[in-house]
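Here are my notes from going through this model, written as numbered points so you can follow along. Keep the viewer open and click on each residue as you reach it.

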Amino acid sequence: MDNIWHLKDIEAILKELKTSPQGLTSEEARARLERYGPNELEEKKKRHPLMMFIDQFRDFMILVLIAAAVISGFIGEASDTIAIVVIVVLNAIIGFVQEYRAEKAMEALKKMAAPYATVLRDRRPVNLPARELVPGDKVLLEAGRIVPADIRLTEAIQLKIEEAALTGESVPVEKHTETIQDRDIPLGDRKNMAYKGTIVTYGRGEGVVVATGMSTEIGRIATMLQEEEEVKTPLQKRLANFGQKLAIAVLAICAIVFAIGLMRGVEPLLMLLTAISLAVAAIPEALPAVVTISLALGAKKMVNQNALIRKLPAVETLGSVTYICSDKTGTLTLNRMTVEKLWVDGRLLSAEEISNITTALSSPLQDLMVALSVSNDARVDADGNLIGDPTETALCSIAESMGYDKKKWEDKLPRIAEVPFDSERKCMSTIHRVQQWPAREPDEEEPSYISFTKGAVDVLIERTEEILTSRGLVPVQREQIIEISEKMAAEGFRVLAIGMKRWEGLPQEITPDSIERGLTLLGLVGMMDPPRAEAKEAVHLCKTAGIIPVMITGDHPLTARAVARRIGIIDDSNSNIISGAELDRLSMEEFEEQVEKIRVYARVAPQQKLKIVKALQDKGQFVAMTGDGVNDAPALKRADIGVAMGITGTDVAKEAAHMILLDDNFATIVKAVKEGRRIFDNIRKFIKYTMTSNSGEIWTIFLAPFLGLPIPLLPIHILWINLVTDGLPGLALAAEPPERDIMTRPPRDPKESIFAHGLGIQVIWVGLLMGLVSLFTQAWAIRTGHENWQTMVFTVLCLSQMGNVLAIRSEKESLFSQGLLSNMPLFGAFILTFALQMATIYIPFLNPIFKTKPLTVGELMTTLLLSSVVFFAVETDKFLRRKRRI
């Protein structure tokens with residue numbers, strides 16, 4: 001089935017589908033059901049949950065940890081084995097749960113399908129399960145029903161369909177049956193079509209089913225959703241790369257250490273155990289736990305800030321985001337049509353100016369407010385909320401705000417007749433009996449009846465003879481009115497003209513020709529779906545943080561431009577806007593040449609949103625995509641982080657997304673970005689800390705033979721240091737508060753190594769310093785005859801790492817300005833680790849286990865002094881870096 005049914009006239013479609021205006025026979029329908037299959041969305045074959053769980057163990061870092069667990073068990077360190085296994089299984093369970101939940105995206109799409117449909121079968125209307133519909137069926141549509149398939153309309157009587165979930169349009173679309181000539185016209189402008197999953201809000205209609213199941217537009221989205229693979233997060237990529245390089249380096253170093261030991265005549269078994277212990281110590285098995293805990297704590301914190309994380313790595317991904325591609329409707333805007341400008345009595349007034357009027361309203365403004373209130377089909381529900389067509393509720397709302405209560409004025413001006421809206425006339429009229437008219441001059445005669453007409457400016461102006469002003473009636477100047485209307489439209493407003501006509505008696509004939517002529521123009525009304533109040537500040541904060549916000553919408557380019565300019569997405573220096581039709585004409589290569597310069601996309605289709613995300617990713621950008629509709633789901637899944645709206649978002653969008661904004665507030669993303677940056681900073685600090693500690697251990701053992709020293713540490717010492725220093729202190733770094741400049745620096749380069757910004761160099765020099773201090777302790781203690789030299793080296797190395805963890809809490813700030821108590825979990829971990837280390841020295845029954853001896857007071861003081869060298873060295877390095885920046 002093709003998707004160009006809007007180009008074909010009804011007769012051609014009936015002929016092509018071999019059907020008739022009376023629909024199909026039951027027999028033919030059964031045959032077609034066999035041929036085309038049921039009208040439902042298909043799911044690709046699901047993986048078995050067990051396979052999903054097993055897949056969690058295929059990550060390289062996880063495999064290295066499993067190997068470390070096996071080695072630990074082999075050398076008799078059961079506690080280390082258990083710890084590693086628990087960490088690995090915990091990570092696997094979390095990954096499995098996230099992936100299993102993601103499989104629900106297709107189920108949510110299925111829920112959008114209409115369960116039943118009214119169809120002509122055997123020339124009679126019958127109510128059938130929508131899954132039984134086939135191409136060629138004649139379907140009857142009415143207000144409140146979900147469109148059951150893609151339908152070419154054959155009859156549309158005041159038919160309006162809400163397509164926001166599919167196209168992003170915030171206003172229900174007025175439908176007609178005329179053939180449309182433009183082949184590439186966007187879905188939102190195919191007004192002779194009704195699409196599966198959209199909702200009929202007004203009127204009634206009929207049509208022929210042209211596509212069912214996966215051939216429908218929503219089916220195409222389902223196909224894209226299934227085919228679109230999620231990309232790995234920056235952290236996943238960095239850790240995978242880091243793990244591979246680390247494992248190779250560690251194995252090489254351990255082999256060298258083992259070989260040197262053998263050459264020096266050390267017992268082979270001792271050297272083997274030492275090399276294996278060093279390998280276990282050098283692999284940061286706590287890293288996955290730190291990452292998981294950091295992300296989980298961040299996710300918990302973000303829920304309190306109205307951001308629900310569905311996939312944990314998404315927390316960190318926000319810190320890498322360089323582009324935020326946001327849907328306009330409901331995300332940057334309120335998804336509520338609002339009157340923002342009025343032209344009345346010769347003046348153009350903003351809504352704010354109108355609301356600030358404290359004096360009595362002029363006659364034209366009074367009459368305009370009355371017209372907006374009573375010539376209106378919006379109604380008030382039991383909770384006092386206006387419900388109905390968005391345009392109608394917007395008009396009624398401005399009148400209510402000015403004190404013109406709809407119910408009161410309907411009592412004063414009861415409606416007795418109307419001429420409904422027609423898409424060809426582009427206007428509608430209501431006729432009212434006048435029981436009470438707004439107060440006027442004493443000599444002004446009150447009419448018996450009055451009609452109000454509202455519609456397109458170009459239509460009404462041709463039917464208007466005069467304009468009501470505070471000076472009385474004046475002849476209409478059509479060119480001037482058209483110019484004002486065009487000016488308002490250029491600002492993104494949807495403009496309506498409001499006219500009225502007085503009647504001494506009820507017209508004999510109530511037709512458009514009799515009612516809608518000789519009108520008096522009351523004014524023009526400019527409406528738009530306005531930006532959220534906080535959107536402008538959020539966009540500004542994004543730019544400050546080096547993130548480029550981009551608007552992607554199904555709305556008209558003029559509307560998109562107006563909203564984008566108001567919230568600061570575009571300005572005079574960069575106002576590049578492209579339409580969906582223009583985007584379609586560009587090849588991927590041509591588009592990628594200019595994608596980084598474009599700030600607004602208008603009239604786009606779902607597959608184009610996907611094209612935008614892919615193009616930005618191909619240019620090396622990390623993309624966050626926000627959205628709420630079905631149309632956003634494939635792009636949400638493909639984006640580096642998909643952000644769905646929690647209130648207005650469809651289930652499909654939520655299931656495809658990595659993160660859900662519970663308050664639908666674009667500004668919440670900025671808070672999430674800050675949290676993401678903090679989390680990555682803290683993970684980076686842990687890597688810096690653990691790799692420095694591990695390199696300190698490696699340097700100590702690696703250099704000792706070259707300096708003519710015996711093996712400084714036993715396997716038990718290495719594993720103990722690894723356990724107590726990599727454990728709680730490392731995990732406590734996850735609670736570190738954000739750096740002060742966190743939201744004024746640009747996003748991290750997505751391609752940068754995890755060792756960028758001097759981390760690798762610091763790991764080497766601080767680790768080397770740690771090793772040299774330990775070896776100095778060993779050499780001095782041996783030379784001066786201290787028998788406890790191995791206990792001293794063991795303690796210096798352990799406590800040096802504690803000094804290092806305190807010093808690296810901030811990249812720039814001194815610990816003395818931060819304060820020891822600003823990260824209480826880390827302070828507690830520091831005290832506990834110190835106490836445990838002292839226990840291995842001074843609790844007698846632990847001495848034979850850890851091969852230690854109690855230190856004298858002098859030895860302990862010397863050990864503590866030497867342990868502080870690393871802390872002061874790192875603090876001095878930070879001081880020098882601060883000086884260089886001044």
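1. Which residues are linked with Asp681 in a network of salt bridges? They are Asp741, Arg745 and Lys812. Before you go hunting for them, keep in mind that this is a predicted model, so everything below is computed from predicted atoms.

2. Let's stay with charges for a bit. Side chains of opposite charge can pair when their charged atoms come close. Across the structure, the count comes to 36 salt bridges. I picked out three pairs to look at one by one.

3. Start with Lys8 and Glu16, whose side chains meet in a salt bridge with an N to O distance of 2.9 Å. What about their surroundings? Lys8 has a relative accessible area of 18%, so it counts as buried because the limit is under 20%. Glu16, at 42%, counts as partly exposed.

4. Next, find Glu675 and Arg678. Their side chains form a salt bridge too, at 2.7 Å from N to O. Why are they about one helical turn apart? Because they sit three residues apart in helix H28. Both Glu675 and Arg678 are buried.

5. The third pair is Arg740 with Glu813, where the closest N and O atoms are 3.3 Å apart. Arg740 is in the loop between helix H30 (728-732) and helix H31 (759-783), while Glu813 is in the loop between H32 and helix H33 (815-818), so this salt bridge ties together parts that are 73 residues apart in sequence. Are the two partners buried or exposed? Arg740 counts as exposed, at 72% relative accessibility, whereas Glu813 is buried, at 17%.

6. Now for the inside. The largest nonpolar core has 78 residues, and the ones touching the most other members are Ile481, Leu524, Met551, Ile569 and Met659. Which helix gives this core its largest share? That is helix H28 (residues 666-703), with eleven residues. You have met H28 already, as the helix that holds Glu675 and Arg678. Apart from this core lies another one, of 44 residues, including Ala222, Leu586, Leu616 and Val623.

7. Met551 is worth a closer look. Leaving out residues up to four places away in sequence, Met551 touches a long list of others. Among them are Ser326, Lys328 and Leu332, and also Ile569, Arg599, Val600 and Tyr601. Ile569 is a name you saw a moment ago, in the list of residues that touch the most other members of the core.

8. Here is another methionine, Met792, which is found in helix H32 (residues 789-807). With 0% relative accessibility, Met792 counts as buried. What is Met792 in contact with, once neighbours within four places in sequence are set aside? The contacts are Thr777, Trp780, Ala781, His786, Leu855, Glu859, Thr862 and Thr863. There is also a C-alpha distance to try in your viewer: Met792 and Leu866 are 74 residues apart along the chain, and their C-alpha atoms are separated by 10.0 Å.

9. A third methionine, Met51, has another setting. Met51 is in helix H3 (residues 49-55) and is partly exposed, with a relative accessible area of 37%. Together with Leu50 and Ile54, Met51 makes a nonpolar surface patch of about 260 Å².

10. Two backbone angles caught my eye. Asp122 has a positive phi of about 55° although it is not a glycine. Where is Asp122 found? It is in the loop between strand S1 (116-121) and strand S2 (124-129), and it counts as partly exposed at 34%. Lys426 also has a positive phi, near 60°, and is a residue other than glycine. The loop that holds Lys426 runs between strand S14 (415-422) and strand S15 (427-433), and Lys426 is partly exposed, with a relative accessible area of 39%.

11. Last, the cysteines. How many disulfides does the structure hold? Zero. Two cysteines to click on are Cys427, which counts as buried at 0% relative accessibility, and Cys798, also buried with a relative accessible area of 0%.

Definitions and conventions: Residues are numbered from 1 along each chain as its sequence is written. This is a predicted model: local features need pLDDT of at least 70, side-chain atom pairs count only at pLDDT 80 or more; totals for chains, interfaces and linings use all residues. Side-chain values use heavy atoms; hydrogens and water are left out. A disulfide is a pair of cysteine sulfur atoms within 2.5 Å. Buried means under 20% relative accessible area, exposed over 50%, partly exposed in between (1.4 Å probe, protein chains only). Patches are made of residues with over 30% relative accessible area and no salt bridge: like charges are joined within 9 Å, nonpolar side chains (Val, Leu, Ile, Met, Phe, Trp, Tyr) within 5 Å. Accessible areas come from the Shrake-Rupley method with a 1.4 Å probe; for residues, only the protein chains shown count as cover. A salt bridge is a side-chain nitrogen of Lys or Arg within 4 Å of a carboxyl oxygen of Asp or Glu. Helices (H or I, at least four residues) and strands (E, at least two) are DSSP runs, numbered from the N terminus. A nonpolar core is a set of buried Ala, Val, Leu, Ile, Met, Phe, Trp, Tyr and Cys residues joined through side-chain atoms within 4.5 Å. Contact means heavy atoms within 4.5 Å.
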